[in-house]
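Let's take a walk through this one, from the inside out. Have the sequence and the model open side by side as you read.

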Amino acid sequence: QVQLLESGGGLVQAGGSLRLSCAASGSIFTSETMAWYRQAPGKQRILVATITRGGATNYQDSVKGRFTISRDNAKNTVYLQMNSLKPEDTAVYYCYCDAFVRIGQMYGYWGQGTQVTVSS
């Protein structure tokens with residue numbers, strides 16, 4: 001069993017910053033690609049950023065230059081530093097992790113979500 005625990009969401013004014021954290025725990029052999037998604041009210045969940053175990057990153061166009069994804073492999077933790085926040089960044093942010101639970105067996109896991117609200 002693998003659990004993802006997110007933290008760091010909250011209410012911030014436009015132009016402000018927040019840092020999200022997501023720690024994976026449980027029966028993890030290794031964590032592989034980790035990612036952040038977000039889902040705004042009435043909209044589909046979309047990919048925000050990904051990071052491979054080796055540190056390669058990819059971002060949704062709307063957050064490039066403002067958000068930075070990083071990770072600590074020793075702690076199986078992924079971070080999302082969000083700067084210059086805009087009201088349209090308001091959403092529930094979900095952590096995702098591909099994890100090997102034993103050699104040859106990899107599964108995808110989701111966090112419970114953390115609310116980010118940006119006021120104008």
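What follows goes through the core, the cysteines and two buried polar residues.

Keep in mind that this is a predicted model. A good place to begin is the largest nonpolar core, which holds 30 residues. If you want its best-connected members, look at Trp 36, Leu 80, Met 82 and Tyr 93, which have the most contacts inside it. Plenty of strands chip in: those giving two or more residues include strand 1 (2-7), strand 3 (18-26), strand 4 (30-39) and strand 8 (77-82). The largest share, six residues, is supplied by strand 9, which runs over 91-102.

Tyr 93 is worth a closer look. Setting aside neighbours within four places in sequence, Tyr 93 is in contact with Trp 36, Leu 80 and Met 82, among others. Its list of partners also includes Glu 6, Arg 38, Phe 67 and Val 116.

Now for the cysteines. How many disulfides does a search of the whole structure find? One. It joins Cys 22 to Cys 95, with the sulfur atoms 2.1 Å apart, and the link is left-handed, at -80° about the S-S bond. Cys 22 sits in strand 3 and Cys 95 in strand 9, so the pair ties together distant parts of the chain, 73 residues apart. Both Cys 22 and Cys 95 are buried.

Why is Cys 97 not bonded to the closest cysteine sulfur? Because that sulfur, in Cys 95, is 6.7 Å from the sulfur of Cys 97, too far for a bond; the cut-off for a disulfide is 2.5 Å. Cys 97 is buried too, with a relative accessible area of 0%.

Next, move to Thr 77, in strand 8. Thr 77 counts as buried because its relative accessible area is 7%, and the cut-off is under 20%. A polar atom of its side chain lies 2.9 Å from the backbone oxygen of Lys 75. Beyond its sequence neighbours within four places, Thr 77 is in contact with Cys 22, Ala 23, Met 34, Ser 70, Arg 71 and Asp 72, and Cys 22 is one of the disulfide partners you've just seen.

Last stop: Arg 66, in the loop between strand 6 (57-59) and strand 7. Is Arg 66 buried or exposed? It counts as buried, because its relative accessibility is 10%. Leaving out neighbours within four places in sequence, Arg 66 is in contact with Gln 81, Met 82, Asn 83, Ser 84, Leu 85, Lys 86 and Asp 89. Met 82 brings you back to the core, where it was among the residues with the most contacts.

Methods: Residues are numbered from 1 along each chain as its sequence is written. This is a predicted model: local features need pLDDT of at least 70, side-chain atom pairs count only at pLDDT 80 or more; totals for chains, interfaces and linings use all residues. Side-chain values use heavy atoms; hydrogens and water are left out. A nonpolar core is a set of buried Ala, Val, Leu, Ile, Met, Phe, Trp, Tyr and Cys residues joined through side-chain atoms within 4.5 Å. Buried means under 20% relative accessible area, exposed over 50%, partly exposed in between (1.4 Å probe, protein chains only). Helices (H or I, at least four residues) and strands (E, at least two) are DSSP runs, numbered from the N terminus. Contact means heavy atoms within 4.5 Å. A polar contact is a pair of N or O atoms within 3.5 Å; within protein, one must be able to donate a hydrogen and the other to accept it, and residues adjacent in sequence count only if both atoms are side-chain atoms.
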